[in-house]
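Please read the report below alongside the sequence and the model. It is written for a reader at the bench who wants to locate each feature on the chain.

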Amino acid sequence: MTTHPAYSIDRVPIEEEQQTLTTEAVYTARVPVKQTSAMLKLCQRLPPLTNLAHIKRVRASQPADAVDVVLCQCAKISLDALQEKLPEGTAVSTHQVPMTMPYTRAQFDEWKAVWPVTFRPPLQLRELQPLDPAEQAYVERMLALAAAQQKEMCSGARRVGVVVADPRSPEEEPVAQACDMRASGNPLRHAVMECIGQVAAAELRRRKRPAADAGYLCAGLDVFSTKEPCVMCCMALVHSRVGRLFFVDSDAAGGGISRYALHARKALNHHFTTYHCRPAPASAPRDAAAPQP
Ligand SMILES: [Zn+2]
């Protein structure tokens, strides 16, 4: 038997990874290296830099004994008003600097060619590990269970199957599994909401036991869905602090990931790593390359 993977699993980029370079004009002064601190002290009397904590205030310049010092943002003061505050003869020019912090190595390389910047990838990207074969097998097993939910229980309903599993015990059965239950008459009974309800019920039973600690509902758990969850379900995943989401069919029109990137919005207080799992093309016909016995 070949173990051809059933899905090609691609992480959905987070908001920060997709940003393109935007720049803003600042005034800079070229001064001899030994006057750097005097110039920086003088900058304290100028309008402070806003939202530019990621840029280096000073960069090396030509000739080698000179530096360029960022004075302030052009939008905040006219050149005439600025020059009145500087020592006679200070060489002022304008320069474009990146408006945002770079989050990926490629962004960093592009940004720093414009002006020196600091580079601190988000924790979510720093901790990311590629899926290894054992994990791929776990994901595929759970996706098959989600597909089974969709097939077996959904006559007349929207065809969605979801399972929730704990990656710390990948061999065990899912902690929740459900299909779409809107046909019951309750429009809120989406498959993801059903699963979160099952996790909540299990948690309530657990907390009745002594010494049970109360954490966030789905902290560290994985969610597997045959369809990209809608906005309501994605927000429920944010609130219950799910660890990762794997979905198969994307939903460009109404999906909470495709349309709103709810897995990684800077404005939300929880992010979850999300993977789009596309069915892999069938492997080449067996007689194409395999030697005959
Ligand atoms: Zn939903």
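The text below takes up the domains, the two sheets, the zinc site, the cysteines and one helix residue.

This is a predicted model, in which local features need pLDDT of at least 70 and side-chain atom pairs count only at pLDDT 80 or more, while totals for chains, interfaces and linings use all residues. Residues are numbered from 1 along each chain as its sequence is written, and side-chain values use heavy atoms, with hydrogens and water left out.

**Domains**

The protein is divided into domain 1 (7-14 + 127-279) and domain 2 (23-99), with bounds that come from an automatic or database domain assignment. Taken over C-alpha atoms, the centres of domain 1 and domain 2 are 50 Å apart.

**The six-stranded sheet**

Helices (H or I, at least four residues) and strands (E, at least two) are DSSP runs, numbered from the N terminus, and two strands pair if DSSP finds at least two bridges between them. An open sheet of 6 strands has the order β1-β10-β9-β8-β6-β7, with mixed pairing. Because β1 and β7 stand at the edges with a single partner strand each, one side of each is left without a neighbour in the sheet. Neighbouring strands of this sheet are turned by 15° against each other on average, direction ignored; axes are lines fitted to C-alpha atoms, for helices over the stretch in contact, and angles run from 0 to 180 degrees between N-to-C directions.

Strand β10 (residues 273-279) has 5 of its 7 residues buried, where buried means under 20% relative accessible area, exposed means over 50%, and partly exposed lies in between (1.4 Å probe, protein chains only). The following table lists strand pairs, with a pair of facing residues for each.

| Strand pair | Sense | Bridges | Facing residues |
|---|---|---|---|
| β1 (residues 7-11) and β10 | antiparallel | 5 bridges | R11 and Y275 |
| β9 (residues 244-249) and β10 | parallel | 4 bridges | F247 and H276 |
| β6 (residues 161-165) and β7 | antiparallel | 4 bridges | V163 and Q177 |
| β3 and β4 (residues 66-73) | antiparallel | 3 bridges | V58 and V69 |

Helix α6 packs on the six-stranded sheet, touching β6 and β7, and its direction makes about 150° with that of β7; contact here means heavy atoms within 4.5 Å.

**The four-stranded sheet**

A second open sheet consists of 4 strands in the order β3-β4-β2-β5, paired in the antiparallel sense. Here β3 (58-60) and β5 (91-98) stand at the edges, each with a single partner strand, so one side of each has no neighbour in the sheet. The average turn between neighbouring strands of this sheet is 35°, direction ignored. Helix α1 (residues 36-43) packs on the sheet and touches β2 (23-32), β3 and β4, its direction making about 0° with that of β4.

**The zinc site and helix α7**

Which protein atoms are the donors of the zinc ion? They are H190 (ND1), C230 (SG) and C233 (SG), at 2.0 to 2.3 Å from the ion, donors being N, O and S atoms within 2.8 Å of the metal (3.2 Å for Na, K and Ca); water is not among the atoms, so sites may look incomplete. Along the chain, the donors follow the spacing H-x39-C-x2-C. H190, in the loop between β7 (176-179) and α6 (191-207), and C230, in the loop between β8 (222-227) and α7 (231-239), are 40 residues apart and link distant parts of the chain. Both H190 and C230 are buried.

The buried residues of α7 are C233, C234, A236, L237 and V238, and these pack against α6, β8 and β9. After α7 comes R241, whose phi is positive, near 65°.

**Cysteines without a disulfide**

With a disulfide taken as a pair of cysteine sulfur atoms within 2.5 Å, the count comes to 0 disulfides. The sulfur of C72 is too far for a bond because the closest cysteine sulfur, in C74, is 7.1 Å away; C72 counts as buried, at 0% relative accessibility. For C277 the closest cysteine sulfur is that of C234, at 14 Å, which is also too far for a bond, and C277 is buried with a relative accessible area of 0%.

**L79 in helix α2**

L79 lies in helix α2 (residues 79-85) and is partly exposed, with a relative accessible area of 37%. Not counting residues up to four places away in sequence, L79 touches Y27 and V92. L79 and T94 are 15 residues apart in sequence, and their C-alpha atoms are 9.5 Å apart in space.
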